[in-house]
Amino acid sequence: MIRLFETSTKRKIKELSQKWRLIPDFDEKGDEKGYKNGLPSEARYTFVPSCWNFELDLFHHYGTTWYETEFIAEEDNAELVFGAVNNFCDIYVDGKHVAYHYGAFCEFKVELRGIGKGRHLLVVKVGTEINMSDSIPSHNSDWFNYGGIIRAVEVHSLRNCKLNFYTQYDLDVETKSAVLDIYTDVTLYNGEISDNLKIKIDGNTVYNEKITVTTSTELKTQIKLDNLKLWDIGEGNLYTVSVEFGGDEMIDRIGFRKMSVNREGFTLNGRKIKLRGVNRHEENVETGFAVTPNNVKRDLAIIKDMGCNM
């Protein structure tokens, strides 16, 4: 997912978009050859994010390709954040298998607890094998199935704990008020933490209470909000929510809206709306699936110019 805002002001985040090394595995013997411990000298340089099909001799390569780079962990714990890899991948750090993921266009995270400060080797085995039964896409797809690390990769250095949160709300459209529930997952690394759980919305502190966490847990906080600017077509009002605890912080943006569908049609915030949209593929003629923010911006401008509202 391409985010247009800072997701944390507390974490040490490094984007791994420098040169990587790449080698196609035509005979599917990379495991046997020990590529997880480092690629051979004949591996070529490439840049991530990208699709390997834009290498001159790899356009029609369906199968496995290996990627390699290094990263520096600035704390004893870290997390790798992959924006997207197509289609499946195995992740190795310092020769050890740490994760498997299947499915393109989905962000996923790999926790590296106790990895230790310093330089580490990252190797990613990427595959695009498809079949007629249960793979997505199948052989009957009406688009080209590019392979590669198609979104940015980040390494987050973590100290005492790691936070993640999600939100749910009950919105009253008429009064423009909502009850907002914030669920914060706290993963501990170094034992008990006593600290203030601080929640801000658009920079304003709405919750600030000291709590003690003795084990990894989920915290629920409920907040009443009034005089909201609702998210609507042409008025994408969003609120920035930040959660801070134990030296870590995460930031996200949310909008408040109410949608419903029945035999009468689709309603948004109590108004009936006729939806007009298109089927947009995340693809560009020059970069394949590795689209840039400008590619997305241009596509949305074209869609809007066509008169679409979704």
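Select α1 (293-305) and the lining of the largest pocket: α1 contributes 7 residues, the most of any element. Helices (H or I, at least four residues) and strands (E, at least two) are DSSP runs, numbered from the N terminus. This is a predicted model, in which local features need pLDDT of at least 70 and side-chain atom pairs count only at pLDDT 80 or more, while totals for chains, interfaces and linings use all residues. Residues are numbered from 1 along each chain as its sequence is written, and side-chain values use heavy atoms, with hydrogens and water left out.

**The pocket**

Now show Leu4, Trp231, Val296, Leu300 and Met310, which lie nearest the centre of the largest pocket among its 26 lining residues. On a 1 Å grid over the protein atoms alone, a pocket is an open set of points with protein on both sides within 12 Å along at least five of seven lines, where a 1.4 Å probe fits; lining residues have an atom within 4 Å of a point. The volume of this pocket is about 1300 Å³, meaning the space filled by probe spheres set on the points, which are joined across faces, edges and corners.

Colour the lining by type to see 14 nonpolar, 3 polar and 9 charged residues. Here Ala, Val, Leu, Ile, Met, Phe, Trp, Tyr, Cys and Pro count as nonpolar, Asp, Glu, Lys and Arg as charged, and the others, Gly among them, as polar. Besides α1, select β19, as each of them supplies at least two lining residues.

**The sheet**

Stay with β19 and add its sheet, an open one of 4 strands in the order β16-β15-β18-β19, with antiparallel pairing. Two strands pair if DSSP finds at least two bridges between them. At the edges stand β16 (204-213) and β19 (248-254); each has a single partner strand, so one side of each lacks a neighbour in the sheet. Next, select β15 (residues 193-201), which pairs with β16 in the antiparallel sense over 9 bridges. Within β15 and β16, find Lys198 opposite Asn208.

**Salt bridges**

The whole structure holds 20 salt bridges, each a side-chain nitrogen of Lys or Arg within 4 Å of a carboxyl oxygen of Asp or Glu. Three of them follow.

Select Lys12 and Glu75, whose salt bridge spans 3.2 Å from N to O. This pair links distant parts of the chain, 63 residues apart: Lys12 is in strand β1 (residues 12-15), and Glu75 is in the loop between β4 (64-73) and β5 (77-82). Lys12 has 35% relative accessibility and so counts as partly exposed, whereas Glu75, at 10%, counts as buried. Buried means under 20% relative accessible area, exposed over 50%, and partly exposed in between (1.4 Å probe, protein chains only).

Move to Glu68 and Arg21, where the closest N and O atoms of the salt bridge are 3.0 Å apart. Glu68 lies in strand β4 and Arg21 in strand β2 (residues 19-25), 47 residues apart. Both Glu68 and Arg21 are buried.

Last, select Lys162 and Glu111, joined by a salt bridge at 3.4 Å, N to O. Lys162 is in strand β13 (residues 161-172) and Glu111 in strand β9 (residues 108-112), 51 residues apart. Add Arg11, Glu79 and Asp248: salt bridges that share partners join these with Glu111 and Lys162 into one network.

**The whole chain**

Zoom out to the 1 helix and 22 strands of the chain. Of its 310 residues, 46% are buried.
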